[in-house]
Amino acid sequence: MSHEDDLRWMRKAIELSRLCPPSETAFSVGAVIIDAEGKEIATGYSRETDSHVHAEESALAKLPADDPRLSGATIYSTLEPCTQRKSRPLPCTQLVLQAGLRRVVIAWQEPDLFVADCTGVEMLRNAGVEVSELPELATDARLSNKHLINP
């Protein structure tokens with residue numbers, strides 16, 4: 001994927017994050033999964049299907065766990081995938097690794113508001129997943145969370 005493609009898909013993820021019902025206890029995040037050919041195969045956003053679902057979790061749930069497209073796929077998430085969860089058995093970082101995604105693109109890293117020291121980027125890289133950050137879209141991604149933080 002080119003940098004321009006990354007920006008385009010992240011902008012779509014940011015649009016999805018604006019659909020999130022606001023929460024005082026969780027970030028509003030959007031996610032888009034693209035296959036190796038650059039085609040969208042799933043999307044998701046925080047609280048899309050229930051009050052605890054995360055964006056990456058929602059997008060991945062729309063595909064069979066053994067979908068062969070996942071092994072070459074990229075997930076665009078407006079926020080670093082979580083490494084701790086109280087509401088589910090697995091955090092999004094583990095879901096991404098289980099799905100076999102090879103690339104993760106984020107707009108910003110998780111601040112210490114709910115979880116001190118989120119290490120999603122580090123865990124993914126240590127597992128061999130390519131992680132890219134698009135700081136030029138971080139402010140836009142934070143806007144969906146202006147009720148929690150100052151963008």
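**Pocket, sheet and one arginine**

Me: α2 (55–61) and α3 (92–99) each supply at least two residues of the second largest pocket's lining, and the model is a predicted one. Which residues line that pocket, and what is its volume?

Reply: The volume is about 170 Å³. The lining consists of Glu 57, Leu 60, Ala 61, Leu 63, Pro 64, Ala 65, Leu 70, Leu 95, Gln 98 and Ala 99.

Me: How does that lining divide by class?

Reply: There are 8 nonpolar residues, 1 polar and 1 charged. Glu counts as charged, so Glu 57 is the charged one. Gln falls among the polar types, so that place goes to Gln 98.

Me: On to the sheet. What makes β2 (40–45) and β5 (130–133) edge strands?

Reply: The 5 strands form an open sheet, ordered β2-β1-β3-β4-β5, with mixed pairing. β2 and β5 each have a single partner strand, so one side of each has no neighbour in the sheet. From one strand to the next, the twist averages 15 degrees.

Me: Why is the pairing called mixed?

Reply: Look at the individual pairs. β1 and β2 are antiparallel over 5 bridges, and β1 runs antiparallel to β3 with 4 bridges. β3 (residues 74–77) and β4 (residues 103–106), by contrast, run parallel, joined by 4 bridges. Two bridges are enough for a pair, so each of these counts, and with both senses present the sheet is mixed.

Me: Which residues stand opposite each other in those pairs?

Reply: Ala 31 stands opposite Gly 44 in β2, Val 32 opposite Tyr 76 in β3, and Ser 77 opposite Ile 106 in β4. In the hairpin of β1 and β2, with 5 residues between the strands, Gly 38 takes a positive phi near 85 degrees.

Me: How do you know whether β1 is enclosed or open?

Reply: Buried means under 20% relative accessible area, and 5 of the 5 residues of β1 are buried, so the strand is largely enclosed by the rest of the structure. Both faces are covered: Gly 30, Val 32 and Ile 34 are buried on one side, Ala 31 and Ile 33 on the other. Helix α1 (residues 3–17) lies across β1 (30–34), β2, β3 and β4, at about 140 degrees to β1.

Me: Why is Arg 142 called partly exposed?

Reply: Its relative accessibility is 21%. Buried would need under 20% and exposed over 50%, so Arg 142 lands in between. Arg 142 sits in helix α5 (residues 138–143). From Thr 74, Arg 142 is 68 residues away in sequence and 21 Å away in space, C-alpha to C-alpha.

Definitions and conventions:
Residues are numbered from 1 along each chain as its sequence is written. This is a predicted model: local features need pLDDT of at least 70, side-chain atom pairs count only at pLDDT 80 or more; totals for chains, interfaces and linings use all residues. Side-chain values use heavy atoms; hydrogens and water are left out. On a 1 Å grid over the protein atoms alone, a cavity is a set of points where a 1.4 Å probe fits but cannot get out, and a pocket is an open set with protein on both sides within 12 Å along at least five of seven lines; lining residues have an atom within 4 Å of a point. Grid points are joined across faces, edges and corners, and a volume is the space filled by probe spheres set on the points. Axes are lines fitted to C-alpha atoms, for helices over the stretch in contact, and angles run from 0 to 180 degrees between N-to-C directions. Contact means heavy atoms within 4.5 Å. Buried means under 20% relative accessible area, exposed over 50%, partly exposed in between (1.4 Å probe, protein chains only).
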